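Let's take a walk through this structure together, beginning with a single residue and working outward. Please keep the sequence and the 3D view at hand as you read.

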Amino acid sequence: MNENWMQKWEEVKDQLVSPVDIESYFTSDEIMEQKMEVMDIGNVSLPSGKVIVRDPLVYLRMGEKPYFMETPKGDFPVKIAIVHLEDWGSRYAAVKVEFTQEKPVLYREALTGDEDLEDLGPDDFFGFIVDAGLGCIADAEAVPFIDQFISALNVENIYDDYFAELFAKSYRDNPANQRELGDWINWTVPGTDYQVPMFASGLGDGMYPVYFGYDVQGNICGLYIHFIDLELEFSEDDDEDEDEDENPGPPDNFIFLK
């Protein structure tokens with residue numbers, strides 16, 4: 001990240017705003033006639049406030065850049081919004097780290113400072129790539145310990161040879177909203193106190209956006225991973241969506257803190 005990148009980000013940041021009120025996934029019993037449920041999976045450790053969201057089996061390595069916006073420091077609750085779909089079963093639609101109890105009024109995409117911000121289209125987003133069906137939330141301070149632990153195991157397949165049993169135990173201990181092989185764990189990195197929640201990505205492999213939620217005072221109140229856009233998936237009238245402002249920008253009383 002450099003001064004030129006920051007200047008460009010200031011120009012385009014309101015194009016990188018979620019058109020969806022993702023918090024509603026955690027407060028509504030039903031969205032687009034689909035039943036919703038919220039599940040707590042414990043805390044994430046963010047001692048430096050430098051957050052990384054990655055596929056933990058493929059892209060979580062030493063040297064990974066955190067998002068340039070730093071969060072509050074500490075241990076914070078992680079919640080999963082589950083949608084119960086008739087055809088696909090129960091899926092994880094969104095994941096949230098709750099920093100405060102304040103309601104978000106704006107969701108701006110989390111970026112690392114390396115993104116190419118030129119020629120952004122109205123539907124463009126960056127997000128993180130999932131290749132192993134999982135996402136995780138970690139602090140940059142924890143990643144070297146994760147990398148060292150996995151390297152020291154020296155196994156052929158880190159999921160089959162290590163994580164699979166942890167996910168299976170998660171199902172045995174907490175079977176609600178999980179498949180028998182397990183869909184989430186809250187992993188404490190061995191030899192440390194770092195908690196790193198891992199969870200199934202909503203629709204499997206792909207790219208998923210991550211947003212910081214800001215309250216009306218401009219403070220970060222949450223981090224949101226948006227796996228399934230229910231409004232988009234179940235909209236009956238795509239033409240109506242085209243007429244809406246997809247990048248509404250902040251409300252009039254919003255105070256953005258740099």
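Our starting point is L166, a residue of helix α4, which covers residues 158–173. Bear in mind that the model you are looking at is predicted. Is L166 buried, exposed or something in between? Its relative accessibility is 29%, and because buried means under 20% and exposed means over 50%, L166 counts as partly exposed.

Which residues does L166 touch, once its neighbours within four places in sequence are set aside? The contacts are I185 and W187. You will find both positions within strand β9, which spans 184–188. For a sense of distance across the model, try Q101: it is 65 residues from L166 in sequence, and the two C-alpha atoms are 31 Å apart in space.

Now step back from the residue to its helix. Helix α4 lies across β8, β9 and β10, and runs at about 120° to β9.

Those strands lead us to the sheet itself. It is an open sheet of 4 strands in the order β3-β8-β10-β9, and the pairing is antiparallel. Strands β3 (51–54) and β9 stand at the edges; each has a single partner strand, so one side of each is left without a neighbour in the sheet. From one strand to the next, the twist averages 15°.

Finally, look at the pairing between β8 and β10. Strand β8 takes in residues 134–139 and strand β10 residues 195–200; the two run antiparallel and are joined by 3 bridges. To locate this pairing on screen, find L134, whose bridge partner in β10 is A200.

Notes
Residues are numbered from 1 along each chain as its sequence is written. This is a predicted model: local features need pLDDT of at least 70, side-chain atom pairs count only at pLDDT 80 or more; totals for chains, interfaces and linings use all residues. Side-chain values use heavy atoms; hydrogens and water are left out. Buried means under 20% relative accessible area, exposed over 50%, partly exposed in between (1.4 Å probe, protein chains only). Contact means heavy atoms within 4.5 Å. Two strands pair if DSSP finds at least two bridges between them. Axes are lines fitted to C-alpha atoms, for helices over the stretch in contact, and angles run from 0 to 180 degrees between N-to-C directions.
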